[in-house]
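Trainee: I've got a model open here and would like to talk through how its chains meet. Could we go over it together?

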Number of protein chains: 2
Amino acid sequence: MDIKKYLQSQRRLVEQALEEFMLRAEGDFKDHVAAMRYSLFVGGKRVRPILCLAAGRTICGDDSLDDQLLPVACALECIHTYSLIHDDLPAMDDDALRRGKPTNHMVFGEAQAILAGDGLLTFAFELLSRPSAGGLDPEARIQVIHTIARAAGPLGMVGGQALDIAFEGRNIEFDDLKTIHRSKTGALITASVQAGALVAGATEDQLQALGSYGNNIGLAFQIVDDLLNVLSTTEQLGKAAGSDAERGKATYPAFFGVEKTRQLAREAVERALGALDGMGEPAEPLRALARYIVERNR
Amino acid sequence: MDIKKYLQSQRRLVEQALEEFMLRAEGDFKDHVAAMRYSLFVGGKRVRPILCLAAGRTICGDDSLDDQLLPVACALECIHTYSLIHDDLPAMDDDALRRGKPTNHMVFGEAQAILAGDGLLTFAFELLSRPSAGGLDPEARIQVIHTIARAAGPLGMVGGQALDIAFEGRNIEFDDLKTIHRSKTGALITASVQAGALVAGATEDQLQALGSYGNNIGLAFQIVDDLLNVLSTTEQLGKAAGSDAERGKATYPAFFGVEKTRQLAREAVERALGALDGMGEPAEPLRALARYIVERNR
């Protein structure tokens with residue numbers, strides 16, 4: 001399959017859905033909603049929603065469940081976007097650029113940026129719990145909410161960011177770096193895959209296999225992110241390149257050098273592909289996504 | 001009934017449940033969890049969880065559903081606590097004291113305080129979506145999650161805080177003040193009452209009546225908060241008194257003076273009591289809570 005074309009069409013699908021589900025910037029809260037929309041629509045690869053859709057279709061075999069998958073996919077993107085807004089804050093990574101554009105607090109100020117993040121996080125759960133139009137089984141819906149909340153929460157994404165900040169400029173063990181990657185990035189990526197699978201009624205075995213796929217592409221994704229931060233220019237990345245080293249952040253290249261790091265990313269992708277064994281043709285997009293992750297350049 | 005004794009016993013019940021449900025400060029994320037726990041256990045009136053419990057018992061007639069109500073009650077307190085941590089941040093109200101103790105960012109620093117808030121908000125939804133031990137109907141559980149997410153979200157609590165910050169130091173109309181109060185404080189209080197009622201299987205009529213009760217005590221609560229900020233000392237409040245006037249915040253006393261403001265609070269409580277007409281003896285705690293709100297002094 002042509003992964004570039006596939007990603008383009010899926011991004012369009014996700015962005016149409018975000019446009020449909022997201023609040024309008026009107027009425028009493030228009031400025032607040034405008035701040036949320038700014039970061040949600042400023043661009044982005046939409047990796048998590050695309051993974052959610054692809055995993056759901058892998059399980060059900062076609063796109064007949066897209067109407068049930070799309071709100072979940074959009075909720076994942078809201079959560080991812082909130083995490084970027086908060087990560088970029090002056091008190092955290094203090095980044096002025098994201099996706100080639102001014103970060104949320106540069107445009108709306110720090111207070112409104114914090115609240116835009118809070119709003120997006122809360123709105124994600126509003127979206128996940130909307131009265132079902134498509135008829136998703138309520139029990140499955142609760143499992144989806146729980147899976148996402150755990151992955152985004154104190155022992156997942158938020159906890160990982162807290163560790164990352166706490167460890168900045170300190171000498172850390174490789175085990176700590178793995179913990180940060182697994183929680184800060186890996187958990188929500190894995191949850192994206194699993195949430196899609198849950199919507200499509202995956203069996204316990206399928207959930208486990210897709211969980212392993214998710215863990216491994218999450219790892220590969222973060223390793224490549226580390227690499228790109230070292231090797232790219234700011235223009236290519238759309239955010240400050242070289243910023244990890246500048247902040248004394250532990251990264252894969254800092255531990256292993258560039259070549260070995262590339263090798264580790266490839267190995268993680270191989271494990272991800274192995275987890276999809278036996279899922280046949282419907283898993284082809286998930287395979288292409290895994291390969292794309294190590295080949296991307298931003 | 002003796003409201004002081006009742007509140008004391010209910011607070012104890014809620015705090016035991018928080019202790020049971022909340023993550024331990026151990027393992028990789030112990031510092032992050034410690035920051036969350038600091039604000040959650042630093043004290044507080046526990047108004048929202050107590051309202052949730054009281055509303056649920058009003059509908060079912062006894063305390064037989066407490067096991068299902070308590071996780072919901074605790075999730076509400078987590079959301080309330082997160083909102084206080086973020087409101088106190090330097091970029092927002094910049095408060096050094098809360099409940100007579102240093103605010104979260106004074107103890108853990110700004111970055112970790114933002115993340116402690118994010119962690120509590122996300123954890124609330126993890127708690128609300130836990131695999132049901134007590135057997136709450138999944139459809140009702142989703143309604144509970146949706147009610148709380150909407151109330152805490154961009155058109156509710158977060159939106160209200162965004163408006164409040166945006167309007168600071170500006171001359172605003174009374175209608176704007178009402179919008180701020182209704183969203184920033186009222187929405188989550190109303191949702192607390194309704195969530196309890198939903199757990200107990202309330203009818204549409206009962207939900208409406210309790211919604212009206214919630215709206216009115218939420219209003220009374222905020223009016224009294226405004227009054228206390230004007231009339232109390234910092235020692236009595238456990239947070240900076242007189243800070244609203246200092247920041248040029250619009251308040252009820254600023255619009256109406258102290259006497260008329262007291263009168264408006266009493267009227268709101270009367271409307272709240274009216275909404276409980278016909279609910280008989282089981283609604284007695286809700287009535288006592290409504291009266292207590294206008295009589296409290298911190």
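Trainee: How many residue pairs are in polar contact across the interface of chain A and chain B?

Mentor: Bearing in mind that this is a predicted model, the rule finds eight such pairs across the interface of chain A and chain B, with both residues at pLDDT 80 or more.

Trainee: And which helices of chain A supply at least two residues of the side that touches chain B?

Mentor: On chain A those are H2 (30-40), H4 (66-87), H6 (110-128), H7 (138-152), H8 (157-167) and H9 (174-199), and H6(A) gives the most, with twelve residues.

Trainee: What does that side of chain A look like by class?

Mentor: The side of chain A that touches chain B has 27 nonpolar residues, alongside 13 polar and nine charged ones. As for the area, chain A and chain B bury about 4100 Å² between them, with 76% of it on carbon and sulfur atoms.

Trainee: How many salt bridges are there between the two chains?

Mentor: The count between chain A and chain B is two; one of them joins Glu126(A) to Arg150(B), where the closest N and O atoms are 4.0 Å apart.

Trainee: Switching topic, which residues touch the most other members of the largest nonpolar core?

Mentor: That core has 172 residues, and the ones touching the most other members are Ile79, Tyr213 and Leu289 of chain A together with Ile79, Tyr213 and Leu289 of chain B.

Trainee: What does Tyr213(A) touch, then?

Mentor: Leaving aside residues up to four places away in sequence, Tyr213(A) has contacts that include Leu51(A), Val193(A), Ala272(A) and Leu289(A).

Conventions: Residues numbered from 1 in each chain as written. Chains lettered and ligands numbered in written order. Predicted model: local features only at pLDDT ≥ 70, side-chain atom pairs only at ≥ 80, totals over all residues. Heavy atoms only, no water. Buried area = accessible area lost by both parts, 1.4 Å probe. Salt bridge = Lys/Arg side-chain N within 4 Å of Asp/Glu carboxyl O. Polar contact = N/O pair within 3.5 Å; in protein donor to acceptor, adjacent residues only side chain to side chain. Helix = DSSP H or I, 4+ residues; strand = E, 2+ residues; numbered from the N terminus. Nonpolar A, V, L, I, M, F, W, Y, C, P; charged D, E, K, R; others polar. Core = buried A, V, L, I, M, F, W, Y, C linked by side-chain atoms within 4.5 Å. Buried < 20%, exposed > 50% of the residue type's maximum accessible area, 1.4 Å probe, protein only. Contact = heavy atoms within 4.5 Å.
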